Amino acid sequence: MSGLFITLEGGDGVGKSTQARLLTEWLESQGRTVVRTREPGGSELGVEIREIVLHHRGDISPRAEALLYAADRAHHIATVVRPALARGEIVLQDRYLDSSVAYQGSGRILDADEIRGISLWAAEGLLPDVTVLLDLDVEAARGRLDGANKRFDRLEAEAQDFHLRVRQAFLGLAEAEPDRFLVVDAGQTPEALAAEIRDRIAPLL
Ligand code: TYD
C-alpha cells in the first residue's frame with residue numbers, strides 16, 4: 001500500500017483538531033494506519049522549537065521566526081513524515097508549508113515565494129497529496145478561540161488585520177493549486193464537514 005500525505009490548513013480557531021480526529025477515526029475504520037502529527041512540534045526537537053516560536057517572551061524577528069518554523073519542518077519531515085510514508089502509512093498533519101506562506105509570508109509580510117522556497121528546501125521538496133483548507137470568517141474563528149478559554153500564543157495574539165491577511169493568503173494558495181487543495185466551509189457542522197473531506201479522500205485509498 002502506498003503512503004498518503006494529507007495536511008489540514010486554516011486560520012486559528014477554524015476547527016482543525018476536530019476534523020483531524022474525525023478523519024483519523026474514519027481512516028482507521030478503513031483499515032489504514034494513520035500517523036497524526038503537527039507542525040510546529042511533531043518531533044521531540046520540534047516540541048522545543050514550538051515552545052520558543054509560540055511562547056518566547058521577547059521579540060522574534062520575522063526572518064528568525066520563519067527559520068524556526070523551517071527548522072522544525074526539516075527535522076519533522078526527515079524523521080517522522082518520510083519514514084511513515086515509506087512504510088505505506090497515512091500521515092495526517094495539522095499545518096505544513098502553506099501555514100508558513102500564509103503566516104510568515106502574508107501575515108509578517110515577507111516574500112511569499114522565498115518563504116515557500118525555504119520550506120521546500122527544508123522538506124527536500126515534499127508536497128502533500130491533499131491539503132484541506134478549512135475556511136472561516138475571521139471573527140467567527142476568533143469567537144471560537146475566545147470560547148475555548150485558552151492562553152493565546154504569539155500568533156493568535158496578533159491583530160485582526162493580520163488574521164485577515166492570513167485567510168486571504170490561504171485562499172490564494174488554494175486557487176493557485178486547485179488539484180492539491182480542497183477548500184471547505186468551516187462554518188458547517190463538524191459532521192457535514194467531515195463527510196465532505198471523506199468524499200475527497202476516499203478515492204485515494
Ligand atoms: P497550532 O498548532 O495550530 O496552534 P494551536 O495548537 O494553538 O491550535 O499552530 C500554532 C501557530 O503557529 C498558529 O498560530 C499558526 C502558526 N504557524 C506559523 O505561523 N507558521 C507555520 O509554518 C506553522 C506550521 C504554524
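These legends go with several close-up views of a predicted model. Residues are numbered from 1 along each chain as its sequence is written, and side-chain values use heavy atoms, with hydrogens and water left out. Because the model is predicted, local features need pLDDT of at least 70 and side-chain atom pairs count only at pLDDT 80 or more, while totals for chains, interfaces and linings use all residues.

**View 1. The ligand and the residues around it.** Sixteen residues is a good place to start: of the 16 around the ligand, D12, R50, R95, S100 and Q104 come nearest (a residue is near if one of its heavy atoms lies within 4 Å of the molecule). By type, the shell holds eight charged, five nonpolar and three polar residues (Ala, Val, Leu, Ile, Met, Phe, Trp, Tyr, Cys and Pro are nonpolar; Asp, Glu, Lys and Arg are charged; the others, Gly among them, are polar).

**View 2. Polar atoms facing ligand oxygens.** Look for R95, where a polar side-chain atom lies 2.7 Å from an oxygen atom of the ligand. In the side chain of K150, an N or O atom is 2.9 Å from a ligand oxygen, and for E156 a polar side-chain atom lies 3.1 Å from one (a polar contact is a pair of N or O atoms within 3.5 Å). The protein covers 90% of the 550 Å² of accessible area that the ligand has on its own (Shrake-Rupley method, 1.4 Å probe).

**View 3. Helices that contribute to the ligand shell.** Helix 2 (44–55), helix 3 (62–86) and helix 4 (97–107) are the elements that give two or more residues to the shell. Helix 4 gives the most, with four residues (helices are DSSP runs of H or I with at least four residues, strands are runs of E with at least two, and both are numbered from the N terminus).

**View 4. An aromatic pair between F5 and Y96.** The ring centres of F5 and Y96 are 5.2 Å apart and their planes meet at 65°, so the pair is edge-to-face (rings of Phe, Tyr and Trp, the last by its six-membered ring, pair if their centres lie within 6.5 Å; planes under 30 degrees apart are stacked, over 60 edge-to-face and the rest tilted). This pair links distant parts of the chain, 91 residues apart: F5 is in strand 1 (residues 4–10), and Y96 is in the loop between strand 3 (90–94) and helix 4.

**View 5. Backbone details at P40 and R95.** A cis peptide bond joins E39 and P40, with omega about -5°. P40 is found in the loop between strand 2 (34–38) and helix 2. R95, in the loop between strand 3 and helix 4, has phi near 70°, a positive value in a residue other than glycine.

Note on methods
Polar contact = N/O pair within 3.5 Å; in protein donor to acceptor, adjacent residues only side chain to side chain.
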